[in-house]
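Let's take a walk through this protein, one piece at a time. Keep the model open beside you as you read.

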Amino acid sequence: MQHFEFIEGNVLEIMDRPYYFLAHGVNCINRMGSGVARVIYEKNFEVKREYHEYCEQFHSPREILGHCQPVNLSKTPYPQIVFNCFSQLTIGDADHESIVKSLSMACAFVESSADHDVEAVLHLPLIGYAL
């Protein structure tokens, strides 16, 4: 991984690029409705749909704490990937260990899927801080 880029301003500007890797924090209780997550899914509802499908595969929120779910939104050969980082067990209680674990998974994914044509940058709004 070359570096992180912390986003100041509108996260939607990243999603207008031809390729991107964008990570954000989500809770583990199958509720996505506010903060950065809302801004992202209002831009592309596929992020929310896949989040709900992922959550429904597990019996307990604790099972997915620290997971990282890549959602590929690209219709081209270039990656447009949003990572749902399961960093909050419930709403608004970001867990440091889970942030580190899920972001490590996102970094590994970016490293394995980026090539010489795509800069390997994982864009991050602040996780656990809402808007």
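Does His 123 count as buried or exposed? Bear in mind that this is a predicted model. His 123 sits in strand E5, which covers residues 121-124. Its relative accessibility is 4%, and since anything under 20% is called buried, His 123 counts as buried. Down there, the side chain of His 123 has a polar partner: the side chain of Arg 17, at 3.4 Å.

Now for the greasy parts. In soluble globular proteins, nonpolar side chains tend to be buried together. Here, the largest nonpolar core is made of 23 residues. If you want to find the ones with the most contacts inside that core, look for Leu 22, Ile 40, Val 82 and Phe 86. Several elements chip in with at least two residues each: helix H1 (12-15), strand E2 (20-27), helix H2 (35-43), helix H3 (46-55) and strand E4 (80-88). Apart from this core there is another one, with 14 residues, including Phe 21, Cys 68, Ala 120 and Leu 124.

Helix H3 deserves a closer look. Its buried residues are Val 47, Lys 48, Tyr 51, Tyr 54 and Cys 55. Look down the axis of H3 and you'll find these buried residues within an arc of 125°, so they line one face of the helix. That fits a simple rule: an α-helix has 3.6 residues a turn, so residues three or four places apart point the same way. And what do the buried residues of H3 pack against? They meet E2, H2, strand E3 (68-72) and E4.

Strand E3 brings us to Gln 69. With a relative accessibility of 6%, Gln 69 counts as buried. Its side chain reaches the backbone oxygen of Glu 50 at 2.8 Å, and also makes a polar contact with the side chain of Asn 84, at 2.8 Å. Leaving aside residues up to four places away in sequence, Gln 69 touches Glu 50, Tyr 51, Tyr 54, Val 82, Phe 83, Asn 84 and Phe 86. You've already met Tyr 51 and Tyr 54 among the buried residues of H3.

Last stop: the loop between E3 and E4, where you'll find Ser 74. Ser 74 counts as buried, at 16% relative accessibility. The side chain of Ser 74 reaches the backbone oxygen of Tyr 78 at 2.5 Å. Beyond residues up to four places away in sequence, Ser 74 touches Pro 79 and Gln 80. Ser 74 and Pro 18 are 56 residues apart along the chain, and their C-alpha atoms are separated by 8.7 Å.

Terms used
Residues numbered from 1 in each chain as written. Predicted model: local features only at pLDDT ≥ 70, side-chain atom pairs only at ≥ 80, totals over all residues. Heavy atoms only, no water. Core = buried A, V, L, I, M, F, W, Y, C linked by side-chain atoms within 4.5 Å. Buried < 20%, exposed > 50% of the residue type's maximum accessible area, 1.4 Å probe, protein only. Helix = DSSP H or I, 4+ residues; strand = E, 2+ residues; numbered from the N terminus. Polar contact = N/O pair within 3.5 Å; in protein donor to acceptor, adjacent residues only side chain to side chain. Arc of directions from axis to C-beta. Contact = heavy atoms within 4.5 Å.
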